[in-house]
Amino acid sequence: MSGVPLNWYLILSAILFCLGIAGFLYRRNIITIFMSIELMLNGVNLSFVTFSYKFKQVDGHIFTFFVMVVAAAEAAVGLAIILTVFKNRQTLQVDDINSMKN
Amino acid sequence: MDAFLFLTFAAIAVVCGINIIVQTHPISSALSLVGVMGALAVLYLMLGAEFIAAAQMIVYAGAIMVLFVFVIMVLNAGGERLTKRSAYVRIFGVPLMAMFLGLIAFVIQAALPRGEMVTFGAFTRGGPADVGRALFTQYLLPFEVVSVLILIALIGAIVLARKEID
């Protein structure tokens, strides 16, 4: 029977999650950091759907749906915050936004 | 055929994911992220998650990424400059991340049975009817709570974007 091993899907989701972590730590632009978070959420979604396939249940799809909703809410609020920060500081570099540091 | 499709779209997802990190301009990263989401939608279809694949394309690749691209275009802040710390990250971070990834892959291989295969069409309960039935019976309360969350986020975004905070 042709097919793909289930573990490949999980390893792909781990790869996407690790790429998200790497981008989150490495990049200095606040919008790109935000996109790395979205990449991490996508990796987790893939493993939810894979386990939903494994257990032949629809619950994983529901969780993925909720993750999408939360990601949409997060994107709306986060991008509004980014707009406000840029309006006040004229920069998107996270190193320059340090008024709570000292 | 399944393996060919999986490898093609997994390769697209990984290459676009790497591209998100190495590009310096946010608009390139955003377009790469759209590529990741499109590839993931195909993988969801192969796993039998038809509703989630459609929602992935409409909500993620459509709505959320359009919001990102819109904000990037409005701000037009240009590329980013990397700090000195980022050079250290580039040298030490990649091996550390590879080790972390190897650990996760090892745990996955050790914890789950090897022989399990994913075949297209083996799981047919991922359509809108079944997802909707679960969503409106078993998960009705979380669904309502999430609708309130969306409302709060909507109001919060409007308030944040129009008021000057100093």
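How many residues does α1(B) have, and how far does the helix reach from its first C-alpha to its last? α1(B) has 21 residues and reaches 30 Å, close to the 30 Å expected at 1.5 Å a residue. The expected span is 1.5 Å times one less than the number of residues in the helix.

The views below come from a predicted model, in which local features need pLDDT of at least 70, side-chain atom pairs count only at pLDDT 80 or more, and totals for chains, interfaces and linings use all residues. Residues are numbered from 1 along each chain as its sequence is written, while chains are lettered from A and ligands numbered from 1 in the order in which they are written.

**View 1. The two faces of α1(B).** Helices (H or I, at least four residues) and strands (E, at least two) are DSSP runs, numbered from the N terminus. Seven labels mark the buried side: F6(B), A10(B), A13(B), C16(B), G17(B), I20(B) and I21(B). These buried residues cover an arc of only 150° around the axis, so they sit on the same side of α1(B). The arc is that of the directions from the helix axis to the C-beta atoms. F4(B), L7(B), T8(B), A11(B) and V22(B) are exposed on the other side. Buried means that 20 or more other C-beta atoms lie within 10 Å of a residue's own; exposed means 12 or fewer, and partly exposed is in between, with C-beta atoms placed from the backbone. The cover over the buried residues includes β1, α1 (6-26) and α2 of chain A, together with α2 of chain B.

**View 2. The contact between chains A and B.** Chain B brings 74 residues to this contact and chain A brings 64 residues. Two residues are in contact if their C-beta atoms, placed from the backbone, lie within 7 Å. On the chain B side, the elements giving two or more residues are α1 (2-22), α2 (26-46), α3 (50-75), α4 (84-111), β1 (117-118), α5 (128-137) and α6 (140-162). α3(B) gives the most, with twelve residues. By class, this side has 58 nonpolar, ten polar and six charged residues. Nonpolar covers Ala, Val, Leu, Ile, Met, Phe, Trp, Tyr, Cys and Pro; charged covers Asp, Glu, Lys and Arg; the others, Gly among them, are polar.

**View 3. Strand pairing across the chains.** Strand β1 (residues 4-5) of chain A runs antiparallel to β1(B), and two bridges join them. Strands pair if DSSP finds at least two bridges between them. V4(A) stands opposite V118(B) in β1(B).

**View 4. The largest nonpolar core.** This core has 63 residues. A nonpolar core is a set of buried Ala, Val, Leu, Ile, Met, Phe, Trp, Tyr and Cys residues joined through C-beta atoms within 7 Å. I31(A), L40(B) and Y44(B) have the most contacts inside it. At least two residues each come from α1, α2 and α3 (59-89) of chain A and from α1, α2, α3 and α6 of chain B. α1(A) supplies the largest share, twelve residues.

**View 5. I31(A) and L92(A).** I31(A) lies in helix α2 of chain A. I31(A) is buried, with 23 C-beta neighbours inside 10 Å. Not counting residues up to four places away in sequence, I31(A) touches I82(A), L92(A), P26(B), F68(B), V71(B) and I72(B). L92(A) is in the segment after α3 of chain A. L92(A) is also buried, with 22 other C-beta atoms within 10 Å. With the exclusion of residues up to four places away in sequence, L92(A) touches N29(A), I30(A), I31(A), F86(A), L75(B) and A77(B).

**View 6. S47(A) in helix α2 of chain A.** S47(A) counts as buried because it has 20 C-beta neighbours inside 10 Å. Leaving aside neighbours within four places in sequence, S47(A) is in contact with L10(A) and S13(A).

**View 7. Positive phi at K56(A) and Q90(A).** Most residues other than glycine have a negative phi. K56(A) has a phi near 55° and lies in the loop between α2 and α3 of chain A. K56(A) is exposed, with 11 C-beta neighbours inside 10 Å. Phi of Q90(A) is near 55°, and Q90(A) is found in the segment after α3 of chain A. Q90(A) is exposed, with 10 C-beta neighbours inside 10 Å.
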